[in-house]
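User: I should like to learn how to read individual features of a structural model. May we take them one at a time?

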Amino acid sequence: MEEGGIETIVESLARFGGEYPEQADEAGRFIAFARSGRDICLRSRLDGHFTASCWLVSADGERVLLTHHRKLQRWLQLGGHADGDADLARVAWREALEESGLPELIVERRVFDIDAHAIPARGAEPEHIHWDVRYVVHCRGSEDFAVSAESLALAWVPVTEVLQSPDASLRRMAQRWQAQRELVLPQTAVRATR
């Protein structure tokens, strides 16, 4: 991987840490990992590697598309391995396309969330860390998804339900999404003040 790719990851994580001080220490750990070698985006890095996933929201912003992950047997956001691509926003967008079949998706290039989590050993693959960088992806067309081989099922889930999820990182993303949406005045409020 080119050095510029690593620096792009480092810069985006530093911005994220400044924007979300509650995850600044974690962003620092991500940055340290990003500087630990040129193989940080390759699955061949057996202690861990970067992955990218998405908070894939409906056009109205009220629902998020989740996958019932085949290997992990849990409801999660869509995403996957970087496979050598240091443009993690592009990886999140690509994974959203591949795993949902939705044709009209737009990715925000700003990091939305980060989460480092252990992946259990499986076959010859040892336990390792997924350094997951998450991005908001917007569905701008049909919401008729296609379930890929990586999923047991997909579902559009109201964000208000995700706020009650047993998964702490899903809850954090739902809370962050709700907080961001509350900062935007509804169109009716804007018209009423004119």
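User: Which residues form one aromatic cluster?

Analyst: Please note at the outset that this is a predicted model. The cluster is made up of F30, F33, F50 and W131. Across the structure there are 6 aromatic pairs.

User: Where does the charged end of R63 sit?

Analyst: The ring of W156 lies beneath the charged end of R63, which is 5.5 Å from the ring centre. A further case involves R176, placed over the face of Y20 at 3.9 Å from the ring centre.

User: How many disulfides does a search of the whole structure find?

Analyst: The general idea is that a disulfide covalently joins the sulfur atoms of two cysteines. Here the search finds 0 disulfides. C41 takes part in none, as the nearest cysteine sulfur, that of C54, is 17 Å away. For C54, the closest cysteine sulfur belongs to C139 at 11 Å, which is too far for a bond; the cut-off is 2.5 Å.

User: Is C41 buried or exposed?

Analyst: C41 is buried, its relative accessible area being 2%. C54 is likewise buried, with a value of 0%.

User: What is notable about phi of D83?

Analyst: The phi angle of D83 is near 50°, a positive value in a residue that is not glycine. To place D83 in the fold, look to the loop between β3 (75-81) and α3 (88-100). With 43% relative accessibility, D83 counts as partly exposed, because that class lies between the 20% and 50% limits.

How values were computed
Residues are numbered from 1 along each chain as its sequence is written. This is a predicted model: local features need pLDDT of at least 70, side-chain atom pairs count only at pLDDT 80 or more; totals for chains, interfaces and linings use all residues. Side-chain values use heavy atoms; hydrogens and water are left out. Helices (H or I, at least four residues) and strands (E, at least two) are DSSP runs, numbered from the N terminus. Buried means under 20% relative accessible area, exposed over 50%, partly exposed in between (1.4 Å probe, protein chains only). Rings of Phe, Tyr and Trp (its six-membered ring) pair if their centres lie within 6.5 Å; planes under 30 degrees apart count as stacked, over 60 as edge-to-face and the rest as tilted. A charge sits over a ring if NZ of Lys or CZ of Arg is within 6 Å of the ring centre and within 35 degrees of the ring normal.
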